[in-house]
Amino acid sequence: MESELKTLAPTPSGSLSESTMPIDDDRPLLKSDPNTPQIQSQVCNPNIEEMEKKYAAYVRHDVYGTMGRGELPWPEKLLLALGLILLVPIRAVASMSILVIYYIICRLCTVLKAPNREDEQEDYAHMGGWRRAVIVQTGKFLSRGLLFVFGFYWIRKTIRSNDAEGKVNNENESMDQSEDMERPGAIVSNHVSYLDILYHMSSSFPSFVAKRSVAKLPLVGLISKCLGCIYVQRESKSSNFKGVSGVVNDRIREAHQNKFAPKMMLFPEGTTTNGDYILPFKTGAFLAKAPVLPVILRYPYQRFSPAWDSISGARHVLLLLCQFVNYMEVTQLPVYCPSQQEKDDPKLYAENVRRLMAHEGNLILTDIGLAEKRVYHAALNGLFCQR
């Protein structure tokens with residue numbers, strides 16, 4: 001979930017990894033944090049409100065407070081204790097079991113099969129026949145099962161269609177455009193949490209952009225290859241290496257032209273927000289000039305927000321598992337077919353899709369990005385005072 005660079009140039013991180021590395025955080029959850037006053041003083045306590053206005057897209061507003069370290073009222077401590085005792089062990093075992101089961105399925109379906117190797121990529125996404133069908137269908141089912149284990153017992157999904165007066169995307173688009181021309185090559189979504197990936201896997205099972213190291217992880221590595229992940233590398237190792245941008249563009253065009261090819265899933269914001277805002281889009285998903293399918297994700301909450309904004313990874317996972325019920329709302333917009341002007345100007349294409357998603361999803365447009373998120377996180381961690 002790292003920054004998806006403007007042209008998806010090689011970078012050490014990608015869609016399956018968060019923009020902020022999990023912070024070592026062993027502070028107790030059920031009692032007040034003695035270091036909180038020190039942290040507040042280090043980030044210039046009088047300017048906290050001003051800082052939160054400036055970095056509003058990354059500010060947490062749930063009961064756990066900034067970075068999930070706020071002082072909790074006793075009823076919340078009781079609920080948290082019950083979650084730790086009753087839910088976390090069951091959910092941890094169930095989620096690991098699902099992961100192992102799917103790994104075994106992927107291993108059986110790929111046995112004696114060599115992965116596709118092109119431009120220093122390696123995947124099983126283009127493997128056809130019953131093997132691919134089993135991988136995709138079980139992947140969708142088990143991804144939804146994993147969300148269920150995490151407390152997302154139901155997901156509210158709304159599919160928007162073009163209105164009677166015209167299209168919500170491109171008013172110059174021909175009404176009799178063929179289905180083939182409207183087939184999206186990529187899915188673009190706002191980015192709120194690592195949970196976004198599980199939802200999209202359960203819905204359409206697309207390919208993602210991921211760090212190269214993901215391919216070497218136990219269990220997850222093989223699954224990422226079956227998804228058809230495009231791995232980001234720092235540098236080329238061959239003279240004809242076309243780069244991540246070239247591979248992504250080829251995949252998007254292929255998905256647009258061939259309904260059996262896996263779609264690309266891209267988060268053009270490049271990092272996660274608190275879910276109320278939408279950041280400027282990178283142009284990587286729009287360089288191929290193919291139609292895109294915009295999807296908007298929201299996570300309504302009462303106690304703990306599933307958004308991964310200013311909270312460490314370990315703390316986020318633990319608090320998520322302690323939550324008795326989690327909620328997700330999905331809005332799928334019509335396929336956005338670019339005009340010729342948008343095809344000639346990827347920045348215009350990206351901005352128009354972004355504004356459409358902000359309007360349809362009631363999201364707030366903001367100009368800040370990953371750099372500001374890092375500054376905000378560093379300030380919260382007491383590394384320096386807000387300048």
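Helices here are DSSP runs of H or I at least four residues long, numbered from the N terminus. With that settled, the predicted model can be taken piece by piece, starting with helix α6. This helix covers residues 195-203, and eight of its nine residues are buried, so the rest of the structure largely encloses it. The buried set is made up of L195, D196, I197, L198, Y199, H200, M201 and S202. After α6 comes F205, which has a positive phi, near 50°.

Two other residues also turn up with positive phi. M67 has a phi near 60°, and it isn't a glycine. M67 sits in the loop that links α2 (48-54) to α3 (74-110). Its relative accessible area is just 5%, and since buried means under 20%, M67 counts as buried. N362, again a residue other than glycine, has a phi near 55°. The loop it belongs to runs between α11 (346-361) and β11 (364-365). N362 has 65% relative accessibility, and because the cut-off for exposed is over 50%, it counts as exposed.

As for the nonpolar interior, the largest core holds 53 residues, and F150, F152, L195 and F208 have the most contacts inside it. At least two residues of this core come from each of α3, α4 (129-149), α6, α7 (220-227), β9 (292-298), α9 (313-322) and β10 (328-332). A second core, separate from that one, has 28 residues, with I230, V248, Y336 and Y349 among them. L195 thus appears both among the buried residues of α6 and among those with the most contacts inside the largest core.

Nonpolar side chains show up on the outside too. W74, L78, L79, L82, I85, L86 and F324 make up a surface patch, and together they have about 700 Å² of accessible area. One of them, L82, belongs to helix α3. L82 comes out as partly exposed, at 34% relative accessibility. Helix α3 therefore has a residue in this patch, L82, while also supplying at least two residues of the largest core.

How far can the coordinates be trusted? The protein chain has an average pLDDT of 82, and 79% of the residues reach at least 70. Over residues 235-241, though, the pLDDT is below 50, and the model gives this stretch nine contacts beyond near neighbours in sequence. Residues 1-46 also stay under 50, with 133 contacts beyond four places in sequence in the model. Where pLDDT is low, the predicted coordinates shouldn't be read in detail.

Methods:
Residues are numbered from 1 along each chain as its sequence is written. This is a predicted model: local features need pLDDT of at least 70, side-chain atom pairs count only at pLDDT 80 or more; totals for chains, interfaces and linings use all residues. Side-chain values use heavy atoms; hydrogens and water are left out. Buried means under 20% relative accessible area, exposed over 50%, partly exposed in between (1.4 Å probe, protein chains only). pLDDT is the predictor's confidence in each residue, from 0 to 100. Contact means heavy atoms within 4.5 Å. A nonpolar core is a set of buried Ala, Val, Leu, Ile, Met, Phe, Trp, Tyr and Cys residues joined through side-chain atoms within 4.5 Å. Patches are made of residues with over 30% relative accessible area and no salt bridge: like charges are joined within 9 Å, nonpolar side chains (Val, Leu, Ile, Met, Phe, Trp, Tyr) within 5 Å. Accessible areas come from the Shrake-Rupley method with a 1.4 Å probe; for residues, only the protein chains shown count as cover. A salt bridge is a side-chain nitrogen of Lys or Arg within 4 Å of a carboxyl oxygen of Asp or Glu.
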